[in-house]
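Welcome! Here is a short tour of the structure shown below, beginning with its ligand and ending with a pair of rings.

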Amino acid sequence: MKILIATEKPFATKAVQQIKGIIESAGHEMLLLENYTDKSELLNAVANADAMIVRSDKVDAEVLNAAGNLKIVVRAGAGYDNVDIETATTNKVCVMNTPGQNSNAVAELVFGMLLYLVRSGFDGSTGSELKGKRLGLHAFGHIGKITANVANGFGMKVYAYSPSLAKNPELGKEYNVTAVKSPEELYDNSDIISLHMPNNAHTKASINYNLLSRLPDNGILINTARKEVINEDDLIRIMSERPKFKYATDIKLDKHNEVLDKLGNRYLASSKKCGAQTSEANINAGLAAANQIVKFFENGDETYRVNPK
Ligand code: 3PG
């Protein structure tokens with residue numbers, strides 16, 4: 001089988017070498033398309049592929065329809081909102097992700113961003129400490145749990161909301177986290193919010209004025225999830241009304257330049273999404289993806305399938 005690695009933002013070289021090793025030892029061939037800048041390159045590359053591994057690369061209907069031999073797409077990472085699930089299902093393509101494999105890298109970035117904000121961009125002015133502050137985790141999956149552990153190390157008080165945690169508050173105890181029953185309760189009880197939910201119809205633009213206005217005047221919002229979950233106009237409104245409110249994100253706002261001009265170092269955005277961009281995360285997610293594809297072809301294993309059959 002031909003297994004295409006299509007990564008506009010490439011994996012570390014070491015990860016690619018190890019992925020190649022897994023693919024070739026199982027008797028398959030690896031095709032590599034890295035750093036591509038035009039969609040036509042992806043459309044050409046998928047034409048012969050039986051399987052593909054992607055990151056945030058857009059696997060839309062055009063790409064799926066150009067991939068006549070494709071049987072499986074693995075998103076090496078957590079969020080698969082970049083894959084057109086409906087078309088993949090219609091085309092009988094199995095879609096998987098690799099849950100948990102890059103979570104540690106993302107959780108560590110939360111604290112990198114948070115320290116930058118509470119120390120005012122390291123500009124030498126008096127900042128504040130994380131110890132004793134209330135951190136609200138909005139969603140409590142793999143990343144939320146690691147973030148809770150690190151936050152406990154900083155001596156923060158950790159609260160979390162997720163529908164599953166609300167049903168099973170005992171899980172919170174395991175992580176020294178207070179489980180709350182609603183997003184509203186979470187924002188009412190937090191100084192800082194870190195977002196860890198997927199982007200879907202339910203979460204789109206859900207971080208709105210009603211929630212953000214529940215934070216204190218000097219509230220902080222950290223977004224290492226997706227920009228789509230933010231109601232941008234509401235966020236900009238809150239930040240304009242509250243001169244001490246801060247926002248850090250791994251995914252630039254649509255109105256990035258406008259916000260940067262207006263808000264200076266109260267707004268921090270990665271120049272390119274980098275939450276999962278560590279060699280460790282690349283190796284974990286990339287190798288998991290390769291192994292999942294090998295098993296899929298070996299014995300039809302669909303353990304991490306995310307789309308209906
Ligand atoms: C994920 O959903 O796993 C992260 O957003 C990582 O995205 P990336 O692979 O594009 O870095």
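## Contacts with the ligand

A polar contact is a pair of N or O atoms within 3.5 Å. One such pair joins an oxygen atom of the ligand to a polar backbone atom of alanine 78, at 2.7 Å. Side chains take part too: a polar atom of lysine 273 lies 2.9 Å from a ligand oxygen, and an N or O atom of arginine 75 is 3.0 Å from one. On its own the ligand exposes 320 Å², and the protein buries 94% of that (accessible areas by the Shrake-Rupley method with a 1.4 Å probe).

This is a predicted model, where local features need pLDDT of at least 70 and side-chain atom pairs count only at pLDDT 80 or more, while totals for chains, interfaces and linings use all residues. Residues are numbered from 1 along each chain as its sequence is written, and side-chain values use heavy atoms, without hydrogens and water.

## The shell around it

Which residues surround the ligand? Among them are Lys9, Arg55, Ser56, Asn102 and Arg226, counting residues with a heavy atom within 4 Å. By class, the shell holds two nonpolar, four polar and five charged residues; Asp, Glu, Lys and Arg count as charged, and Gly is among the polar ones.

## Aromatic pairs

The whole structure has five aromatic pairs, meaning rings of Phe, Tyr or Trp (its six-membered ring) with centres within 6.5 Å. In one, phenylalanine 140 and tyrosine 175 have ring centres 5.5 Å apart and planes at 90°, so the pair is edge-to-face (planes over 60 degrees apart).

Technical notes:
A polar contact is a pair of N or O atoms within 3.5 Å; within protein, one must be able to donate a hydrogen and the other to accept it, and residues adjacent in sequence count only if both atoms are side-chain atoms. Rings of Phe, Tyr and Trp (its six-membered ring) pair if their centres lie within 6.5 Å; planes under 30 degrees apart count as stacked, over 60 as edge-to-face and the rest as tilted.
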